[in-house]
Amino acid sequence: MAENQEQLEQNKKERPMSLLLKTVITGFVGGVFWSLIGYLAYFFHFSEISPNMILIPWVAGDWKYGKLGNYIAILLIGLLSILVALIYYAALRRIKGMWAGILYGVAWWLLVFYVLNPLFPNLETVSHLQRNTIITTLCLYILYGVFIGYSISFETEEMNRQTQSTSTPSTSSNK
Amino acid sequence: MPTKTNNIPIFEKLVDNEKFFREKIGIGTSFDLGVRKVHVLNREVHIYYCNGLCDTQYLMELLKQIVRINDNERQTERAKQIIENRLVHQQVSPVTNLDEAVDKLLSGLIVILIEGESTGFVVDVRSYPGRQPEEPDTEKVVRGARDGYVENIIVNTALTRRRIRDERLRFEILQVGERSKTDVCIAYIKDVADPGLVELVKQELQQMSVDGLTMGDKTIEEFLVKQGYNPYPLVRYTERPDVAATHLLEGHVLIMVDTSPSVIITPTTFFHHVQHAEEYRQSPAVGTFVRWVRFLGILTSLFLLPLWVLFVLEPSLLPDSWAFIGPNKHTNIPVFIQVLLADFGIEFLRMAAIHTPTPLSTAMGLIAAVLIGEIAIEVGLFVPEVILYVSVSAIGSFATPSYELSIANKISRLILVILVEMFKVPGLVIGTTVYLLWLAHIRSLNTPYLWPFIPFNPAAFMQIIVRRSVAGAKVRPSIVHPQNQRKQPS
């Protein structure tokens, strides 16, 4: 029985992931990971904003203020980040390096804190936020942008590399 | 190397050859070089040797055979063939120019020159002084092979070959160093390793222009990855043949340097430095557990101290339930200074421990731990908490499997502590962000340093988080660009 399972594990096919699937996973993991760090930053009062910010406008019930609300919000941010990653994939994936990612993160920060600000009733305008909050959130957005952007750019680069090298397979194997 | 175009052929007159050896390499001046002259079939035969590097037993056996020729053979005109035939050793090769002969002689081979012949023979009777393979101090495991690389490149390739009998395993040797002429070996598996990387490494090695590789692989590393003042290790070293073999099979390229017991693994990312052979000697679950604890230790060694200093400076940051953190007693000296003093104290201890003989180091540990720690608190120099947090992060450093990484982390930690003291929360947050971005931007041999975290690769990241079972880990890490993606042929 155990031996059979061992066999199964060994024979399991591992298909290489498509770039799009990688993008989706990267987006989700990036969203969850960095909003967890954001929650930690909130816990230690580095920032006044916790992940449940995105739940507050439209969820009724007091649970949204507690731990549960935050964890659900983190999952939700993960899902939304898939969208963020897909936008990067569609628009910017050909740009090499991580500068695009940094700027992408800054752009999202500007979008959320300036443009989308009215959507979040308990998010004060930037001029009213504490200095620490602004710095912490901006840094998190930059890391989040780099995480998503650089990953997608790098995978695109790798994908191109592979298609280039597999187009001439006979020469490399006959060496 | 390009200066050596003047190849002098071997003279037919032995006197000229001897004169050349006297002038060029100082036979007669240097005591470790010598020549033994014998007469065979009415001809003079010179045997040049380097006395510490060749095995006297073999040399005597060869001499016996050569001298015996006089008793058994009469055909004086065929002396060269007869002598070649009587050189009872498997590694005999002809040599026709003196520069080549000198190179061989100085690496411990013997050179045999015959009067009237322009071709000599070199016989490999090398026996280098060295130690037996033993378990490396820096990479111990509870179970597993106890052999380790030694200072002899031949033994090292043999230890590797014993683990991989694949006919596609390649050990390419070349000599680096204008004066030292050190043997450097590039090891890879031909149908797995990225040919571009092999080529790149070979080019870099050939372009190296240096007197000698006295510090072995470290010198090579500095030429290869051009690290500058970046404290983070850009290649991984290992002294374990099993670790080296594993990496060969994954498609890495290894560089072995004669006279050094550690081999270089390229390309390397940050996460290569946080793994340890021990994880693969335990069951996957235990290995994963060990690995997580180790990650925790590494994170602790980096962030615990800056965070604590921050909380001491701004207690309002702490959640109410955590309010007990921070010194209760009045402090005479600012906590920041205490932390620096304690951290440097541990650094003194670490440095001293490296070159203190074992009997003394026990006493040293006692003095450091009991006397200084206790008394510094009693005198009022340190708050007890400082000792606690500095010690915990020091232990975190010791839990880092790579010695190089633990010191680099220590430097980063000190910088973060200073930033926290200067700028409080923004110092820590911006410092950490810049630190991460800086690590992410480093590329070692075209490999992003923080791969597979930034840039993120889901499958590879799982391999880092979870120590997969060997049967389940089927794909070679994509970052080495293996020609053959899958581990087991199916």
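**Close-up views of a predicted two-chain model**

B:Val38 touches B:Arg43, B:Glu44, B:Val45, B:Leu63, B:Ile66 and B:Val67, leaving aside residues up to four places away in sequence. The model shown in these views is predicted.

**View 1. Surroundings of B:Val38 in strand S1 of chain B.** The strand that holds B:Val38 covers residues 33–40. Is B:Val38 buried or exposed? With a relative accessible area of 6%, B:Val38 is buried, because buried means under 20% relative accessible area. One of the residues that B:Val38 touches is B:Val67. These two residues are 29 residues apart along the chain, and their C-alpha atoms are separated by 7.5 Å.

**View 2. Surroundings of B:Glu139 in a loop of chain B.** The loop runs between strand S5 (120–123) and helix H5 (153–161). B:Glu139 is buried yet has no salt bridge. Which side chain of opposite charge is nearest to B:Glu139? It is that of B:Arg236, 4.2 Å away; a salt bridge requires a side-chain nitrogen of Lys or Arg within 4 Å of a carboxyl oxygen of Asp or Glu, so this pair does not qualify. A polar atom of the B:Glu139 side chain lies 2.7 Å from the backbone nitrogen of B:Glu239. Residues up to four places away in sequence not being counted, B:Glu139 touches B:Arg236, B:Tyr237, B:Thr238, B:Glu239, B:Arg240, B:Val243 and B:His276.

**View 3. The contact between chain B and chain A.** Chain B contributes 45 residues to the contact, and chain A contributes 39 residues. The area buried between the two chains is about 3400 Å², and carbon and sulfur atoms give 66% of that area. Within chain B, the residues that lose the most area to chain A are B:Leu437, B:Phe456 and B:Lys474, which together account for 17% of what that side buries.

**View 4. Polar contacts and helices at the interface of chain B and chain A.** How many residue pairs are in polar contact across this interface? The rule finds five such pairs, with both residues at pLDDT 80 or more, whereas zero salt bridges are found. On the side of chain B that touches chain A, at least two residues each come from helix H10 (284–313), helix H14 (403–441) and helix H15 (458–465). H14(B) gives the largest share of that side, ten residues. By class, the side of chain B that touches chain A comprises 27 nonpolar, twelve polar and six charged residues.

How values were computed: Residues are numbered from 1 along each chain as its sequence is written. Chains are lettered from A and ligands numbered from 1 in the order in which they are written. This is a predicted model: local features need pLDDT of at least 70, side-chain atom pairs count only at pLDDT 80 or more; totals for chains, interfaces and linings use all residues. Side-chain values use heavy atoms; hydrogens and water are left out. Contact means heavy atoms within 4.5 Å. Buried area is the accessible area (1.4 Å probe) that two parts lose on being put together, summed over both. A polar contact is a pair of N or O atoms within 3.5 Å; within protein, one must be able to donate a hydrogen and the other to accept it, and residues adjacent in sequence count only if both atoms are side-chain atoms. Helices (H or I, at least four residues) and strands (E, at least two) are DSSP runs, numbered from the N terminus. Ala, Val, Leu, Ile, Met, Phe, Trp, Tyr, Cys and Pro count as nonpolar, Asp, Glu, Lys and Arg as charged, and the others, Gly among them, as polar. Buried means under 20% relative accessible area, exposed over 50%, partly exposed in between (1.4 Å probe, protein chains only). Lys and Arg count as positive and Asp and Glu as negative; His and the chain ends are not counted.
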